[in-house]
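Student: I would like a close look at one part of this model. Please describe the aromatic ring pairs in detail.

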Amino acid sequence: MNVTGHNRSPASIRDVAAAAGVSYQTVSRVINGHPSVKQSTRERVLAAIDELGFRRNATALALARGRSRAVTVLTANTTHYGYASILQGVEESARSAAYSVGVGVLESADPAAVTAEVQRAADAGGGLVVIAYDPEGVQALEAVPAGVPVVGIVETPASPPTDNRPWVWTDDREAAYEATRHLLSLGHETVHYVAIPSSTRRTGARTSGWRQALKEAGAAQPRPVQGSWGPAGGHAAGRKLAQDPSVTAILCGNDDLALGVLRALHEAGRSVPGEVSVAGFDDAPHSAYLTPSLTTVRLDFTGLGRAAFALLHGVLEESAPIAPHPVSVPELVVRESTGRPSA
């Protein structure tokens with residue numbers, strides 16, 4: 001077998017699998033030092049790796065340590081506050097454990113494109129962290145090949161997942177519930193909601209928490225206004241809500257949406273919080289410096305990234321069982337943008 005030609009592309013995990021006569025999942029298990037591979041199969045795969053020169057440096061380190069010390073984060077976005085903070089948490093924890101971190105960007109929701117990106121990440125060896133806050137992330141989490149170590153960062157599950165689901169999440173439902181109760185406690189008859197997109201077709205966790213608080217209070221349940229992730233979506237939603245004089249309280253699915261809503265209310269001549277109270281979600285760094293400063297729900301996304309790596313690290317090092325669990329308790333941060341409704 002001759003693979004020394006200068007124009008030949010580097011060998012992939014599938015090339016190794018074909019040369020060894022095994023599946024690519026088996027090659028991944030060998031690279032990661034998984035104990036479920038027979039010794040004869042392991043030796044055959046290692047021989048193919050050596051002959052093909054597959055990722056020689058990474059593989060040498062993996063074999064020296066008995067596992068691959070690498071993690072790839074799959075995400076559809078690297079700029080939104082929550083996503084970027086999760087990446088920071090994963091990177092900090094991985095660095096302290098002497099793991100390298102790569103990022104695979106899911107640029108399209110097309111199933112074939114998602115599967116291809118997942119396969120590229122799996123071929124690199126090591127473990128995967130999938131940020132599944134959007135349809136692309138959910139598809140990616142479902143497309144991870146069997147035998148590849150993975151942890152999903154997901155929306156609050158509708159019901160407790162089974163132990164074979166290596167997931168972490170924040171309790172967004174409870175957070176939205178508490179934020180809505182805060183606005184109702186100020187004397188607002190109801191609370192309107194500008195929603196972020198849900199990762200699935202079901203109702204998002206934040207929407208569920210908002211609706212539950214209204215139901216328990218016997219308050220009217222307005223139809224949620226669908227926003228996006230950024231200020232432009234909030235601005236469009238805010239322009240609609242500003243036209244309704246009965247709107248006195250608005251909860252936004254994230255702080256960027258709240259930023260757009262505040263601008264729309266300002267343009268419509270409606271004062272905050274004099275005429276309309278506005279609350280956000282996430283406690284992004286800019287929220288404390290807006291005028292007025294934004295009441296919001298603080299979520300520890302960096303801690304969520306750390307927890308995801310800790311769970312994956314336990315799987316890779318075979319030192320901890322897989323157990324899905326929520327991470328941290330959301331905290332309502334009351335600032336200037338919420339108050340009692342005007343008489």
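Tutor: The following account concerns the aromatic pairs and the residues that form them. This is a predicted model, in which local features need pLDDT of at least 70 and side-chain atom pairs count only at pLDDT 80 or more, while totals for chains, interfaces and linings use all residues. Residues are numbered from 1 along each chain as its sequence is written, and side-chain values use heavy atoms, with hydrogens and water left out.

Rings of Phe, Tyr and Trp (its six-membered ring) pair if their centres lie within 6.5 Å; planes under 30 degrees apart count as stacked, over 60 as edge-to-face and the rest as tilted. By this rule there are 5 aromatic pairs. One of them joins Y83 and Y133 edge-to-face, with 5.8 Å centre to centre and 90° between the planes. Y83 belongs to helix α5 (residues 81–96) and Y133 to the loop between β3 (127–132) and α7 (135–143), so this pair ties together parts 50 residues apart in sequence. Helices (H or I, at least four residues) and strands (E, at least two) are DSSP runs, numbered from the N terminus.

Y83 is buried at 3% relative accessibility, and Y133 is buried at 11%; buried means under 20% relative accessible area (1.4 Å probe, protein chains only).

Y83 also forms an edge-to-face pair with W229, at 5.9 Å centre to centre and 85° between the planes. Because W229 lies in the loop between β7 (225–226) and α10 (231–242) and Y83 in helix α5, this pair ties together parts 146 residues apart in sequence. Ring pairs thus link Y83, Y133 and W229 into a cluster.

Methods
Buried means under 20% relative accessible area, exposed over 50%, partly exposed in between (1.4 Å probe, protein chains only).
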